[in-house]
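Colleague: I'm new to this one. Can we go through a few parts of it together?
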Amino acid sequence: MKKKITLKHIARELEVSISTVSKALKNSEEISRDTKEKVQAFAKLYNYRPNNIAISLKNKRTRNIGVIIPDIVHHFFTTVFRGIEKFANSRGYNVIICVSDESFDKEVINMEMLANGSIDGFIMSLSAETQQKNDFNHLKEVTEQGIPLVLFDRVTDEIECDKVIINDKEVAYAAVQKMIDSGKRKIALVTTDSYFNVSKKRAEGYKKALADNGIPFNEMLVLTLPYQEIDNSYIERFFVENDIDAVLCVNEVFAIHCMGAVQSLGMHIPDDVSFVGFTDGLLSRYFVPSLTTVAQHGEQMGETAAQMLIEKIETEIEEHEEETYRTEIIEATLLERESTK
């Protein structure tokens with residue numbers, strides 16, 4: 001069986017541009033007869049099938065950007081979208097947003113819908129199910145056609161594209177180190193399943209901080225919660241069964257649930273248990289006591305993602321030139337509030 005090929009493969013083999021291949025396959029009058037015959041013969045030999053989604057996206061410039069996020073309620077994603085829209089509008093682009101609701105199928109459907117001639121490129125954060133399935137074929141099909149894509153926050157090394165992330169491992173390390181410096185030694189980690197790339201990096205920072213301070217890692221002090229339908233009684237049992245004096249939570253929602261559970265058990269924050277979370281949202285600021293948290297600078301992340309995408313959209317790749325990609329790292333900030341000493 002012949003392997004699946006893309007426009008990029010044909011262009012590389014025949015030493016012509018992707019645009020030339022695309023036009024040749026459509027019998028464009030702009031392309032010489034010899035070149036058209038050569039491209040079409042090569043495509044037939046390798047059973048090339050065009051990706052209609054990507055082609056419809058590439059055929060015309062709309063000055064629209066498609067954004068797909070996992071959750072519209074989460075404060076972090078709303079601030080990222082605000083940054084995307086702010087920068088895009090300043091450059092004369094409109095933004096169309098879709099929500100995957102953490103669903104792989106919805107993510108694929110949203111991509112197909114937006115790419116049907118509606119937008120010039122994508123900015124995305126991967127859904128939970130996409131990361132769990134480890135299935136990125138819908139992204140590969142688009143990027144292999146030369147369609148601009150920028151991933152932010154939840155990203156994957158499986159896709160060659162521009163990315164925007166924060167220094168998750170380093171800032172998690174700093175948060176745990178702060179708690180250790182205040183005298184805490186029995187520090188728990190409240191996290192998601194490891195297929196979330198951000199949770200994995202934050203767990204690495206947690207473990208490294210413990211190791212660097214001579215504190216043994218204890219699996220019993222790691223609580224893994226689902227990203228939906230959190231059971232507070234399960235959280236309370238975790239704190240009852242373990243002697244814990246500090247907690248690093250990988251997101252704001254987990255932190256608020258855990259703080260509520262601790263208070264319901266009669267413990268005091270931060271005297272009995274200290275807490276640090278991620279995302280500087282309204283919950284962090286107005287819960288009592290207020291939550292010490294990692295500000296992820298979502299608006300800056302959104303502006304950076306939009307700038308990277310628009311640069312790709314507006315930059316013509318020269319014939320035979322290899323496309324390059326970069327990863328921008330936003331430096332997160334630890335904001336100290338009442339949940340730590």
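Colleague: What sort of phi does N27 take, just after α2?
Modeller: This is a predicted model. In it, N27 has a positive phi of about 60°.

Colleague: And α2 itself, which of its residues are buried?
Modeller: Helix α2 covers residues 18-25, and T20, V21, S22 and A24 are buried there.

Colleague: What covers them?
Modeller: The cover over the buried residues of α2 includes α1 (7-14) and α3 (33-45).

Colleague: Switching to α5. How many residues, and what does it span from first C-alpha to last?
Modeller: Helix α5 runs over residues 75-90, which is 16 residues. Its span is 23 Å, close to the 22 Å expected at 1.5 Å a residue.

Colleague: Which α5 residues are buried?
Modeller: F76, F77, T79, V80, F81, G83, I84, F87 and A88.

Colleague: What do those pack against?
Modeller: The buried residues of α5 pack against the strands β1 (64-69), β2 (94-99), β3 (122-124) and β4 (149-152), and against helix α14 (298-314).

Colleague: Which residue just after α5 has a positive phi?
Modeller: G92, at about 85°.

Colleague: Different topic: how many cavities of 30 Å³ or more turn up in the whole structure?
Modeller: The search finds 1. The volume of the largest cavity is about 70 Å³.

Colleague: What lines the largest cavity?
Modeller: Its lining is T143, G146, I147, P148, L149, E160, C161, K312, E323 and Y325.

Colleague: How does that lining split by class?
Modeller: The lining of the largest cavity has 5 nonpolar, 2 polar and 3 charged residues.

Conventions: Residues numbered from 1 in each chain as written. Predicted model: local features only at pLDDT ≥ 70, side-chain atom pairs only at ≥ 80, totals over all residues. Heavy atoms only, no water. Buried < 20%, exposed > 50% of the residue type's maximum accessible area, 1.4 Å probe, protein only. Helix = DSSP H or I, 4+ residues; strand = E, 2+ residues; numbered from the N terminus. Contact = heavy atoms within 4.5 Å. Expected span 1.5 Å × (residues − 1). 1 Å grid on protein atoms, 1.4 Å probe; cavity = no way out; pocket = protein on both sides within 12 Å on 5 of 7 lines; lining within 4 Å. Points joined across faces, edges and corners; volume = space filled by probe spheres on them. Nonpolar A, V, L, I, M, F, W, Y, C, P; charged D, E, K, R; others polar.
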